Amino acid sequence: ATKYPKITQEYFSQKGINVKIYELYGSVELAPLVGLARFIVDIVETGTTLRENGLVVIEPIRPSTAKLIINRISYKLKSEKIFPIIEKIEEYLEK
C-alpha cells in the first residue's frame, strides 16, 4: 500500500518482484493493521509513526530532500518578505 504507486512499481520491477499495489491516501501505515496490505511504501523522516504502529523500515527506496521554490518575479518583487524566511530556514538548519 502506498501514496506513491509509480515509484513503488518502478522499484519492485527493477528487483524483478511482481507486486499488487494499493494506492491509498492518508495514513498508509494503517494498511497492515487492517489487513489491506502486508507492506507499505511511504516517506519516513524519523520513523516514529512506523514504530507506533509496530512497523519497521526494511529497505530505503530512495532518499528525499526538501526544496524551496520561489517564482522569479516574486523573488525580485517580494524579496523583503522572502529573505527573512530564507534566513530563518538557514538558521534552523545550522542548529
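This is a short talk on one predicted model, covering an annotated domain, the largest pocket and one buried residue.

I'll start with the annotation. An unreviewed UniProt entry places a feature called "domain: ATP phosphoribosyltransferase catalytic" at residues 1-90. In the model, that span is 37% helix and 0% strand. The C-alpha atoms at its two ends lie 35 Å apart.

Next, the largest pocket. The space in it comes to about 1,000 Å³. There are 33 residues in its lining, and those closest to the pocket's centre are Ile40, Val41, Asp42, Glu59 and Ile61. Which helix gives the most to this lining? That is helix α1, residues 5-14, which supplies four residues. If we sort the lining of the largest pocket by class, we get 23 nonpolar residues, four polar ones and six charged ones.

Now a single residue, Asn53. You will find Asn53 in the loop between α2, residues 48-52, and α3, residues 72-77. Is Asn53 buried or exposed? The relative accessible area of Asn53 is 18%. Buried means under 20%, so Asn53 counts as buried.

What does Asn53 touch? Setting aside neighbours within four places in sequence, Asn53 is in contact with Glu29, Leu30 and Leu33. There is also a link to Thr49: the Asn53 side chain reaches the backbone oxygen of Thr49 at 2.8 Å.

To go over Asn53 once more: this loop residue is buried, and its side chain reaches a backbone oxygen, that of Thr49. That is the end of my part.

Notes: Residues numbered from 1 in each chain as written. Predicted model: local features only at pLDDT ≥ 70, side-chain atom pairs only at ≥ 80, totals over all residues. Heavy atoms only, no water. UniProt positions renumbered as here; feature names shortened; annotations may be inferred. 1 Å grid on protein atoms, 1.4 Å probe; cavity = no way out; pocket = protein on both sides within 12 Å on 5 of 7 lines; lining within 4 Å. Points joined across faces, edges and corners; volume = space filled by probe spheres on them. Nonpolar A, V, L, I, M, F, W, Y, C, P; charged D, E, K, R; others polar. Buried < 20%, exposed > 50% of the residue type's maximum accessible area, 1.4 Å probe, protein only. Polar contact = N/O pair within 3.5 Å; in protein donor to acceptor, adjacent residues only side chain to side chain. Contact = heavy atoms within 4.5 Å.
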